[in-house]
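The following exercises are to be worked with the sequence and the model at hand. Each task is followed by a solution in steps.

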Amino acid sequence: MILLTIIYNSILRLGHFPLQWKYALVIMIAKPGKPPQHTNAYRPISLLPLLSKIFERLLITRILEAQPKDEMLPLHQFGFREAHSTIQQCHRLVNHIKESLETKKVCASVFLDIEQAFDKVWHQGLLYKLRKLLPDQIFLILKSYITDRYFQVKIEDTLSQYYPVQSGVPQGSVLGPLLYLVYTADIPTTADTLIATFADDTAIMSSDTRPHRASEKLQQHLNALQTWLDQWRVKVNNTKSTQITFTTTHIDCPQTTIYNTPIPIRHEVKYLGLHFDRRLTWRAHIKAKRQQLNLRVKKYYWLIGKNSQLSVENKLLLYKTIIKPVWTYGVELWGSSKPSNTKILQAFQSKTLRLITAAPWFINNRTLHTDLCIASIKDVIAATARKSRDRNSQHHNQLIAHLYSQPIANRRLQRRWPEDLVE
């Protein structure tokens, strides 16, 4: 411990990061169902020295003391920040869509896919931004930390040579996410659009009563974004990006472009684990979750089925920890769907509880839920929505604090929204 303290203090004093800690071992893990002879059939995992990661923990506290995250990062960036979740970011999008639908507007939206976001960070550009934000001593340490890094690839028992890392933040590091957020903190915004970012997942929305004007606002933002992308050497994967129009009609907003390439138009998009359809009915999301739940029950049937030797208590524990989280994710948002949609998941839960207990036909579902102390889908939705409102109303980020404080005075649609779930 004493020797480590001496080393860490020396790094802080000299502003030099040891070269031995800059070597990464990349383990290639095969993806299931992919041909092994293709390079994209593997998922690389970067392993860094343990002593390096301990020092990064110490250094990040000093960075945040010199420059707090709330001052370095924009409010719309929710990734890798305390008390900021994917659901809160999705809630912002739902609120914007809700306002558009209730006021007879169309909402033109683009969901962008940043190509190899963490691996393609331009080192010189990152250092330029860090120099303007941080004190000289911390900047010198980070400069030494980023530059002259090397990696070695391991496949089974075979090792490659060492190769220099010429771009990107260190994968598997403690500082990597923060450095990426700082690098993209100045992403352009406009007054006519809403932007939502969670690390590299970016969504841009614009609303108007006329579809072509909504697309014009969106295109102006994309043009500004394109200039920023060129300046900081960030690439967008256009084939994986999506444009969608949220509306209650059959009208689509005119197609937008980036780098003179049209962005594909779809009627459904997946963002941060939630499936958004053009009318925001959540039916596509619930259908996808039901399919995922069926596969998971099939996978663990040997543990929770009638032939399993596990006790009912252990089967319920497996259900609560492995199966239930699949459908509870985002329940405070998609819980506003029609009862006919939520009954799909209620039927699944009742069927699973009956499987776990091997209950005979004359035991009704309400008795099963009561005896096993399992809340119904409806009760879970209400309880989660109340917790979400109480947690978000006191949030220090005003974008989150206003999630439940913007009700529509004169509603046009006869449907529920997330704020209705807490009543």
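The exercises below concern a predicted model and treat a strand, a loop residue, a helix and a surface patch in turn.

**Exercise 1.** Determine whether strand S7 (residues 194-198) is enclosed or open to solvent, and identify its pairing partner.

*Solution.*
Step 1. A residue counts as buried when its relative accessible area is under 20%. By this criterion, 5 of the 5 residues of S7 are buried, so the strand is largely enclosed by the rest of the structure.
Step 2. In a regular strand the side chains alternate between the two faces of the sheet. Leu194, Ala196 and Phe198 lie on one side of S7, and Ile195 and Thr197 on the other; both faces are covered.
Step 3. The partner is strand S8 (residues 201-208), which pairs with S7 in the antiparallel sense over 5 bridges. Within this pairing, Ala196 stands opposite Ala203 of S8.

**Exercise 2.** Describe the backbone and the surroundings of Ala199, a residue in the loop between S7 and S8.

*Solution.*
Step 1. The hairpin of S7 and S8 has 2 residues between the strands, and Ala199 adopts a positive phi near 60° there.
Step 2. The relative accessibility of Ala199 is 10%, so this loop residue counts as buried.
Step 3. When neighbours within four places in sequence are set aside, the contacts of Ala199 are Gln77, Gly79, Phe80, Phe118, Tyr180 and Leu181.
Step 4. Pro177 is 22 residues from Ala199 in sequence, while their C-alpha atoms are 7.9 Å apart.

**Exercise 3.** Locate the kink in helix H11 (residues 312-328) and state what covers the buried residues of this helix.

*Solution.*
Step 1. The kink is centred on Lys320 and amounts to about 40°.
Step 2. The buried residues of H11 are found on both sides of that position in sequence: among them are Lys315, Leu316, Leu318 and Tyr319, as well as Ile323, Lys324, Val326 and Trp327.
Step 3. Their cover includes helices H9 (283-299), H10 (301-304), H12 (331-334), H13 (339-357), H14 (365-372) and H15 (377-393).
Step 4. Just after H11, Gly330 has a positive phi of about 75°.

**Exercise 4.** Which residues form a nonpolar surface patch with Leu58, and is Leu58 buried or partly exposed?

*Solution.*
Step 1. Leu50, Leu51 and Ile54 join Leu58 in the patch, and the accessible area of the four together is about 330 Å².
Step 2. Leu58 belongs to helix H2 (residues 50-66).
Step 3. Its relative accessibility is 37%, so Leu58 counts as partly exposed.

Terms used:
Residues numbered from 1 in each chain as written. Predicted model: local features only at pLDDT ≥ 70, side-chain atom pairs only at ≥ 80, totals over all residues. Heavy atoms only, no water. Patch = residues over 30% accessible without salt bridge, like charges linked within 9 Å, V, L, I, M, F, W, Y side chains within 5 Å. Areas by Shrake-Rupley, 256 points an atom, 1.4 Å probe, with all protein chains shown as cover. Salt bridge = Lys/Arg side-chain N within 4 Å of Asp/Glu carboxyl O. Helix = DSSP H or I, 4+ residues; strand = E, 2+ residues; numbered from the N terminus. Buried < 20%, exposed > 50% of the residue type's maximum accessible area, 1.4 Å probe, protein only. Pairing = 2+ DSSP bridges. Contact = heavy atoms within 4.5 Å. Bend = angle between axes of the 7 residues up to and from the residue.
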